[in-house]
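Hi there,

Here is the structure I promised to pass on to you. Have a look at it first, and my notes on what turned up are just below.

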Amino acid sequence: MKKITLIGAGLSGSFLAALLAKRGFDVTVYERRPDRRKEEVEAGRSINLAVSARGIHALKLAGLYEDIMAIATPMYGRMNHPLGGDSVGTKYSIHPENCLYSVSRGALNEMLMNVAEAAGAKILFKQECKDIDLAANEVRFADMNNGGEIYKVSVNKVVACDGANSAVRRAMTRNTDFTHTEKRFRVDYKELSIPSKDGMIQMERNWLHIWGREGGAFMMIALPNIDNTFTCTLFMPVEGEKSLSNLDTSEKVSAFFAQYFPDAVPLMPTLVEDSFKNPTSSLNIVFCYPWIVEDKMALIGDACHAIVPFYGQGVNASFEDCIELDECIGQHYPDWGKVFEVYQTNRKANADAISQMAQENFDDMAKSGFPEFQLRKYLEHEMEIRFAFYKSQYETVSFSLEPYTEAKARGIRNQQILTEIIEDLSVVRELGLENALAAHSIADLAAQANWDNAEQVAKRYYGV
Ligand SMILES: Cc1cc2nc3c(=O)[nH]c(=O)nc-3n(C[C@H](O)[C@H](O)[C@H](O)COP(=O)(O)OP(=O)(O)OC[C@H]3O[C@@H](n4cnc5c(N)ncnc54)[C@H](O)[C@@H]3O)c2cc1C
């Protein structure tokens, strides 16, 4: 039988194992952690994820659509919580059915493991990859069931799905043609929570809640869970007075939250306890190339392109990698050199594009309560309603399967178009943007737009 070895049974590894086992491969997955379906696994990473169209498409392929819908909470937009003001919701899309789904990461991983095993894949738990020697076709593992005893496994084809700190990627740095950068993003994060109160949910359920602060320097977000709780994530600069490391006493935590998130404090009874119990984590961005070694091995998912979470696309992009690799096998097997080469060619530029858009989206999220951002969003939604050819970057990334490279190109074009439309508003020409925003509501400003001109501007950029 056609053997293939996967390293890591996280979200990509389990999904890919299911796809390959369905294709008739003899799939063995080596996973460092215990089986989360039987034992408690280490906590500390995000416990819920936003899954969008790409992820849902993948889960349909895995036959998991109904199961996921049973545990997913739809989020139709961002609910901004300005300091000292009323919260304001902004929909993600002009199409009312479009939403992100907040899903438990653990539950999703368990479902994917079940599907992989049902398709015939074997998952071996507590087996940590230590090193890989492709010249000798060998992987070294530590058996954590057996005091970490080291053993070697002969391999033929390997796919490394071992996440952002991939041991396989580190082994590849020995190859002279391998370029590799890991960059720490400018904010760290900590998970906090908003529990239910007497069993009832404490904020509006179907939104991604955002508290952007100090010109977008830091923010807290909250995603709903099906048990009426919210998982909050506080993102703060790595260093400085307003950093997580500086919130090092109960008094500082309480004072900081009272100052910046006063509406959230009454909803967070375990705030101080959670702040000290939960780890501070950093966000690493990984770029590397090549993702493959000859016809022997490929990296997939976070192992080759860990990105920041601000577009909610890490899993979505990783699932797309898996589908691409599976399709390449469908088209080019048994020519594994070609399988891996085409997979890499088709995915690398897309991974780079979403990585950049995800970094930029930190500012978008943190500033989403700000008037200029809201004016741009308002005008953009108007453009989408009026002109069928116009589509926002967000719509393309989150609610379509169009390549990320296309979404990125749209984003650049659209911002130029919106700038021209805003500069064309007579009140902006008269008062300047800042004063115009101070003196008029967003809806009033947008009502002054000249849509004939706007259409011409957009057509010029879109070449239609
Ligand atoms: C705070 C935060 C929030 C996020 N939110 C979102 C979101 O809303 N939407 C979204 O799409 N994405 C989100 N992501 C990104 C998402 O979590 C990742 O993109 C996704 O988990 C990648 O899947 P993966 O399988 O490649 O890696 P992982 O999920 O990390 O899985 C890797 C697996 O490999 C195993 N492993 C690691 N090393 C070894 C080894 N040496 N030997 C054997 N096994 C090993 C691990 O135990 C794990 O099971 C978020 C990430 C973070 C940090």
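Let me start with a pocket. The second largest one holds about 490 Å³ of space. Please keep in mind that this is a predicted model. The elements giving two or more residues to the lining of this pocket are α10 (336–366), α11 (371–386), α12 (393–399) and α13 (404–424). There are 22 lining residues, and those that lie nearest the centre are Glu-360, Asn-361, Asp-364, Phe-373 and Gln-415. By class, the lining comprises 9 charged, 7 nonpolar and 6 polar residues. Both domain 1 (3–40 + 105–182 + 285–361) and domain 2 (370–462) supply at least three residues each to the lining of the second largest pocket.

Now for the ligand. It has 32 residues around it, and Glu-31, Ala-50, Arg-105, Asp-302 and Val-315 come nearest. In the shell, 12 residues are nonpolar, 12 are polar and 8 are charged.

Some backbone contacts to look up in your viewer:

- Ala-50: a polar backbone atom is 2.7 Å from an oxygen atom of the ligand.
- Gly-312: a backbone N or O atom lies 3.2 Å from a ligand oxygen.
- Gly-10: a polar backbone atom is 3.4 Å from an oxygen of the ligand.

On its own the ligand has 1000 Å² of accessible area, and the protein covers 92% of that. Two or more residues of the shell come from each of α1 (11–22), β3 (48–51), β9 (127–133) and α9 (314–332). Of these, α9 gives the most, with 4 residues.

Happy browsing, and all the best!

Notes: Residues are numbered from 1 along each chain as its sequence is written. This is a predicted model: local features need pLDDT of at least 70, side-chain atom pairs count only at pLDDT 80 or more; totals for chains, interfaces and linings use all residues. Side-chain values use heavy atoms; hydrogens and water are left out. On a 1 Å grid over the protein atoms alone, a cavity is a set of points where a 1.4 Å probe fits but cannot get out, and a pocket is an open set with protein on both sides within 12 Å along at least five of seven lines; lining residues have an atom within 4 Å of a point. Grid points are joined across faces, edges and corners, and a volume is the space filled by probe spheres set on the points. Ala, Val, Leu, Ile, Met, Phe, Trp, Tyr, Cys and Pro count as nonpolar, Asp, Glu, Lys and Arg as charged, and the others, Gly among them, as polar. Domain bounds come from an automatic or database domain assignment. A residue is near a molecule or strand if one of its heavy atoms lies within 4 Å of it. A polar contact is a pair of N or O atoms within 3.5 Å; within protein, one must be able to donate a hydrogen and the other to accept it, and residues adjacent in sequence count only if both atoms are side-chain atoms. Accessible areas come from the Shrake-Rupley method with a 1.4 Å probe; for residues, only the protein chains shown count as cover.
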